[in-house]
Amino acid sequence: MPTDTVQEYTVRNGVTQERFAKISSAAYRIRHHALNMGEVQGQGYVGQALGAADMLATVYADQLRFRPEDPHWEARDRFLLSTGHYAIGHYAALAEAGIVPVEELETYGSDDSRLPMSGMSTYTPGMEISGGSLGHGLTIAVGMALGLRYQGSEARVFNFLSDGELDEGSTWEAAMGAHHHQLGNLTAMVDINALQADGKTDTVLRTEPVTEKWESFGWYTQRVDGNDVGALLAAFDNAAAQAAAVGRPSVILCDTKVGRGVPLLENREKAHFMRIDEHEWQICREQLTAGYKATEGDTK
């Protein structure tokens with residue numbers, strides 16, 4: 001978020017303070033949940049969860065239609081986590097949404113838990129697909145969006161991808177298919193954090209110019225700061241405004257920072273799968289809370 005006050009920022013961007021505060025506080029709690037879950041294992045994909053928290057909060061607290069008490073509600077919007085290793089962030093969002101009990105987060109990654117380290121639809125309420133090998137989420141989303149349209153459903157499909165998945169040919173085949181079938185009920189959101197398991201994205205396989213690529217595939221394309229709540233709200237509102245059973249699919253490209261909100265983790269050299277020392281977890285929580293209070297929290 002920029003350094004101006006919440007009031008100045010919301011007025012300038014046409015977002016109500018109430019709406020902005022709702023998303024910001026949800027993102028804060030998602031980050032806090034992720035840190036608590038990470039401490040259970042002492043390591044994990046914590047950096048991705050922190051970086052994507054604003055995206056997840058915007059979707060679950062503002063955009064997605066669902067019923068917490070009925071995760072299989074037929075008219076629900078579908079959220080597909082293609083990046084299974086981001087499950088720690090997704091579980092935090094599901095807890096924030098009331099779909100998973102907050103106290104159950106303590107079982108993350110443990111034997112017999114409904115919250116395995118990589119997302120599995122057969123285990124977790126609200127988890128639509130199992131995200132293992134990357135590059136399959138968008139293909140499933142295309143089939144799901146097409147099927148919902150054939151059923152006459154007004155439900156939308158949201159697919160969360162990582163920038164590393166843009167290395168996969170199946171992603172671009174799905175992008176072509178979505179445009180061919182004019183799936184206006186499909187929105188893809190790409191977390192562009194410039195990091196993959198094998199190193200920096202641009203050194204593994206250069207995918208830029210990403211915006212131009214998606215546009216050339218016929219998608220309604222927006223690129224925003226994925227850690228700027230106001231920018232995210234505007235982008236999702238734009239996508240929702242043109243959503244239709246038949247129309248252009250939408251993609252929101254979100255530039256994010258791994259470890260966002262926790263300075264101790266934002267500059268970790270090995271950030272894809274973080275190992276965090278026992279004494280550092282409380283420091284992380286304190287830094288997260290201090291940063292939140294310095295921006296949104298002190299206006300309430």
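**Exercise 1. Classify His-272 in this predicted model as buried or exposed.**

Solution. Start with the location: His-272 is in the loop that runs between helix H10 (263-266) and strand E9 (274-275). Next, take its relative accessible area, which is 18%. The cut-off for buried is under 20%. His-272 is therefore buried. As a further step, compare sequence and space for His-272 and Trp-172: they are 100 residues apart in sequence, and their C-alpha atoms are 24 Å apart.

**Exercise 2. Find where Ser-110 lies and which residues Ser-110 touches, leaving out those up to four places away in sequence.**

Solution. Ser-110 belongs to the loop between helix H4 (87-96) and helix H5 (137-150). Its relative accessible area is 34%. Buried would need a value under 20%, and exposed a value over 50%, so Ser-110 is partly exposed. With residues up to four places away in sequence set aside, Ser-110 touches Val-40 and Gln-41. Gln-41 is 69 residues from Ser-110 along the chain, yet the two C-alpha atoms are separated by 8.4 Å.

**Exercise 3. Describe how helix H5 packs against helix H6 (residues 169-180).**

Solution. The axes of H5 and H6 come within 8 Å and cross at roughly 20°. Angles under 35 degrees count as roughly parallel, so H5 is roughly parallel to H6. The crossing is left-handed. From H5, the contact uses Leu-138, Thr-139 and Val-142; from H6, it uses Ser-170, Thr-171, Ala-174, Ala-175, Gly-177 and Ala-178. Sorted by type, the residues of this contact are five nonpolar, four polar and no charged.

**Exercise 4. Do the same for helix H2 (residues 17-41) and helix H9 (residues 229-241).**

Solution. Here the axes come within 10 Å and cross at roughly 110°. The range 65 to 115 counts as roughly perpendicular, so H2 is roughly perpendicular to H9. On the H2 side the contact residues are Arg-19, Phe-20, Ile-23 and Ser-24, and these meet Val-229, Gly-230, Leu-233 and Asp-237 of H9. The residues of this contact divide into four nonpolar, two polar and two charged.

**Exercise 5. State how many disulfides are counted, and classify Cys-254 and Cys-284 as buried or exposed.**

Solution. A disulfide is a covalent bond that joins the sulfur atoms of two cysteines. The rule asks for a pair of cysteine sulfur atoms within 2.5 Å. By this rule the count is zero. For the second part, Cys-254 has a relative accessibility of 0% and so counts as buried. Cys-284 is also at 0% relative accessibility and therefore counts as buried.

Note on methods: Residues are numbered from 1 along each chain as its sequence is written. This is a predicted model: local features need pLDDT of at least 70, side-chain atom pairs count only at pLDDT 80 or more; totals for chains, interfaces and linings use all residues. Side-chain values use heavy atoms; hydrogens and water are left out. Helices (H or I, at least four residues) and strands (E, at least two) are DSSP runs, numbered from the N terminus. Buried means under 20% relative accessible area, exposed over 50%, partly exposed in between (1.4 Å probe, protein chains only). Contact means heavy atoms within 4.5 Å. Axes are lines fitted to C-alpha atoms, for helices over the stretch in contact, and angles run from 0 to 180 degrees between N-to-C directions. Angles under 35 degrees count as roughly parallel, over 145 as roughly antiparallel, 65 to 115 as roughly perpendicular and the rest as oblique. A crossing is left-handed if the near helix is turned anticlockwise from the far one by less than a right angle, and right-handed if clockwise. Ala, Val, Leu, Ile, Met, Phe, Trp, Tyr, Cys and Pro count as nonpolar, Asp, Glu, Lys and Arg as charged, and the others, Gly among them, as polar.
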